[in-house]
Amino acid sequence: MRSIEHFINGQSVADAKRLSDVWNPSQGEVQAQVGLGTAATLQRAVDAALAAQPAWAATNPQRRARVMFKFKELIETNMDQLAELLASEHGKVVADAKGDVQRGLEVIEYACSIPQALKGEYTQGAGPGIDVYSMRQPLGIGAGITPFNFPAMIPMWMFGMAIACGNAFILKPSERDPSVPVRLAELMQEAGLPDGLLNVVHGDKEMVDAILDHPDIAGISFVGSSDIAQYIYSRGTANGKRVQAFGGAKNHGIVLPDADLDQVVNDLTGAAFGSAGERCMALPVVVPVGDDTAAALREKLVPAIEKLRVGISTDPEAHYGPVVNEAHKQRVENYIQMCVDEGGELVVDGRGFMLQGHEKGFFVGPTLFDHVKPHFRSYKEEIFGPVLQIVRADTFEEAVRLPSEHEYGNGVAIFTRNGHAAREFVSRVNVGMVGVNVPIPVPVSYHSFGGWKRSGFGDIGQYGQEGMRFWTRTKVVTQRWPDGTAAGDHKEAFIIPTMG
């Protein structure tokens, strides 16, 4: 049985007293075991980070950027290997796994510009003989707690920016698919990152709590479910840490009567069912405005869904693969039954899907509901599987209100040819990321990612300029160089300084 170990101070470390199974979702079989660490494991990583970080912070930004350039080159060279490894543990098809790696790599590309991003501000002559300038300095040690659904992208979102800014970083990836995060750390070392600056520790709640409570960890970034995000934000900030914690989602796609329905169907099937729906920016709810729009959309959706190919992660013809494990498969199927019991019309049922030769795989077929109501629990909660719910709206106002009043506010999309309607929607909808004829509006790396309401705790987004701000602190310096000619009784020294 393959063992997956911690990566601390540039080397593999095996100190686990407990083990967790890592599955092959396509086969439904255990393929490896990962050792779960303790507070003592974390302390080893913190000690390594404390020893390495001061010299790294003192390294000029251009030299730090060169490590990022080399890491980018190594990721591109190893893209196929990384994607295949990722797909084997997560279950997403290899082509989608490459997209996972690529979207993380784009943040590394942005991190290569860190000398420009870190520049401060300067005011000459703010007062008589006085200049004022600002600088951004690293927090010290940062930590990232990442989910199973993007084991390459989200770790790179976090450690790329944190390390480029001069911090050391401790990554606690999901124990469900931990191999790719370890491999990323090895490639960072190969790129020239000094030992101790990127450490990977495996664990469950015991490790998470140790990170939240450790006095030497200054900042924490998290992506996962909303309940855990709120817990991490509350406990982390209570311990005096800077925390950003991104939670769940229930993203809506609004379809106006003038929308290009062929394009909508193409976008919807990919956004709702791609990666088996295991994306926080998936589109699991579609809101057609008017019964005629709903009927026409449904007529086109059903045959498109029936043509989708579900397969193993290495099937180049598959649109999506299995969900991550048996427990998650059961959870998704329970939500399907819940929606049936609540009165939703089950148009396409994906339960009981089985693939010949892979009967033990964790597959769920594409599922479609119509006439779902806003009071349904299955509408209110995140299913995180290949399930699309049609929630009909009578008017544009109702369509704006549905995502705005939902407890989640991660992403939303509107499909229309009407520029005025789109502009009005963008302005009014109470959601953090909006797509106009774009079904998955994840911002590019030089903007920033962040949801609203219970989709995001903390006020600073991931990556881009927001990421740089999160992983640094601003220091403002006001300086004067006296010429030694001061005279008088110095009464002005007792008056609050002004620049008037």
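This passage describes salt bridges in a predicted model and the surroundings of the residues that form them.

Side chains of opposite charge can pair when their charged atoms come close. With a side-chain nitrogen of Lys or Arg required to lie within 4 Å of a carboxyl oxygen of Asp or Glu, the count for the model comes to 29 salt bridges.

One of these pairs lies within a helix: Arg183 forms a salt bridge with Glu186, and the closest N and O atoms are 3.1 Å apart. Both residues belong to helix α7, which spans residues 179-190, and because they are three residues apart there, about one helical turn separates them. Glu186 is partly exposed, its relative accessible area being 28%.

A salt bridge also joins Arg392 to Asp370, with an N to O distance of 2.7 Å. This pair links distant parts of the chain, since Arg392 sits in the loop between β17 (387-390) and α14 (396-405), whereas Asp370 belongs to strand β16 (residues 367-370), 22 residues apart. Asp370 is buried, with a relative accessible area of 0%, while Arg392 is partly exposed at 22%, a value that is not under the 20% limit for a buried residue.

In a further pair, the side chains of Glu381 and Arg377 form a salt bridge at 2.8 Å, N to O. Both partners are partly exposed, Glu381 with a relative accessibility of 24% and Arg377 with one of 45%. Salt bridges that share partners, moreover, connect Asp291, Arg298, Glu345, Asp370 and Arg392 in one network.

Notes:
Residues numbered from 1 in each chain as written. Predicted model: local features only at pLDDT ≥ 70, side-chain atom pairs only at ≥ 80, totals over all residues. Heavy atoms only, no water. Helix = DSSP H or I, 4+ residues; strand = E, 2+ residues; numbered from the N terminus. Buried < 20%, exposed > 50% of the residue type's maximum accessible area, 1.4 Å probe, protein only.
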